[in-house]
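This report begins with the contacts of one residue, moves outward to the helices around it, and ends with the overall fold and two loop positions.

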Amino acid sequence: MAYHKQRYERLTFSFMDVEQQQEAFARPAKYFYDTRGSQLYEQICTLPEYYPYRAERDILASYAPDIYAAMGHLPLVEFGSGSAAKTCYLLTMYEHAGQPFLYCPVDISRAALETSAQQLLAAYSHLSIHAIHADFAGNPGVIRALHLEKKAMAFFGSNLGNLTRAESRDFLQSTAALMGPEDVFLLGVDLKKSTTLLLPAYDDAQGVTAAFNLNLLHRMNRELGANFHVPGFTHLALYNQEHGRIEMHLRSRQAQHVAITKTAQTIHFAAGETIHTENSYKYSLADIRALGHCTGLTLSHTWFDRQHYFLLGLFHREN
Ligand code: AVJ
């Protein structure tokens with residue numbers, strides 16, 4: 001794996017060659033997040049129907065002192081840090097402790113890492129950052145490059161929801177394998193709840209989620225030389241009871257052919273046939289406890305938002 005380093009004052013960068021990393025998942029959600037897709041996702045987070053973002057932020061805003069106390073003043077590694085907007089609640093606790101601290105954001109977007117690092121370094125005087133530019137999906141082991149003796153790891157945003165149950169187990173297993181006896185893992189997951197609440201969160205009135213889903217077709221047209229007639233597809237969100245997940249699909253309005261130049265494929269769609277674009281798995285508290293248990297992790301603390309829509313759980317290694 002190509003790997004190199006760059007050092008500034010208080011900011012160190014490590015790069016894992018993202019292009020060379022192999023695809024670990026059957027349905028990688030990362031393809032949603034080109035420039036337009038990332039904008040649309042940010043817009044989704046402001047929608048009245050989309051509660052997960054606000055619920056997790058409220059947990060962090062309400063319980064940051066508690067969470068920080070349970071974690072300890074350890075170097076903080078965050079998978080999929082993005083803009084690190086929620087992480088600030090914890091970083092503020094570190095700063096108030098008046099001790100030097102280290103934050104290690106891991107993200108696939110180099111731009112997000114640079115922008116957030118500049119802002120955080122300006123805001124926190126005791127902070128040093130070691131950023132890792134990598135696609136950590138399926139491989140939390142990228143953080144071995146940090147050679148941290150003790151650490152706290154965080155995985156916010158219910159991003160685990162994009163992984164199948166088996167992939168989630170693998171992810172937690174790999175995470176557990178990185179943990180020493182005093183290390184902790186903070187995980188944010190969206191809880192199972194009524195479809196009356198779930199479905200509108202993935203099929204909002206303004207059609208932002210629809211645009212986010214359809215953006216995949218625009219992206220394929222642009223980057224793969226495909227000729228999807230985008231209005232020929234509609235956004236579909238459903239709750240799959242058996243798997244406990246929201247599924248997003250793009251449904252072909254009519255029978256049609258699509259040619260994809262770069263892959264030399266022609267694909268036929270029957271009327272009503274769908275492209276299954278995303279899974280967003282939901283967990284119960286018992287699911288999370290069991291998931292931890294089968295990967296050698298104990299759920300030692302839990303925090304909920306007021307409405308119990310979302311869970312932030314802290315795991316320790318079982319000894
Ligand atoms: C970024 C994976 C947490 O599953 O809720 C939002 C992505 N998809 N609306 C989620 C998403 C449609 C989101 N995650």
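Leaving aside neighbours within four places in sequence, Ser168 is in contact with Leu160, Leu163, Tyr283 and Leu291, where contact means heavy atoms within 4.5 Å. Ser168 lies in helix 5, and because its relative accessibility is 0%, Ser168 counts as buried; buried means under 20% relative accessible area, exposed over 50% and partly exposed in between, with a 1.4 Å probe and protein chains only. The model is a predicted one, in which local features need pLDDT of at least 70 and side-chain atom pairs count only at pLDDT 80 or more, while totals for chains, interfaces and linings use all residues. Residues are numbered from 1 along each chain as its sequence is written, and side-chain values use heavy atoms, with hydrogens and water left out.

Leu291 leads on to helix 8 (residues 285–293), whose buried residues are Ile288, Leu291 and Gly292. Seen down the axis of helix 8, these buried residues fall within an arc of 100°, so they line one face of the helix; the arc is that of the directions from the helix axis to the C-beta atoms. An α-helix has 3.6 residues a turn, so residues three or four places apart point the same way. On the other side of helix 8, Ala286 and His293 are exposed. The cover over the buried residues of helix 8 includes helix 5 (165–177), strand 7 (184–190), strand 13 (297–304) and strand 14 (310–317).

The protein as a whole has eight helices and 14 strands, which are DSSP runs numbered from the N terminus (helices H or I, at least four residues; strands E, at least two). Of its 319 residues, 49% count as buried. Among contacts between residues at least 6 apart in sequence, 70% join residues at least 24 apart. The C-alpha atoms fill a box of roughly 65 × 45 × 35 Å, taken along the principal axes.

Two loop residues remain, each with a positive phi although neither is a glycine. Most residues other than glycine have a negative phi.

| Residue | Phi | Loop | Relative accessibility |
|---|---|---|---|
| His147 | about 50° | between strand 5 (127–133) and strand 6 (152–155) | 69%, exposed |
| Ala264 | about 50° | between strand 10 (256–260) and strand 11 (265–269) | 71%, exposed |
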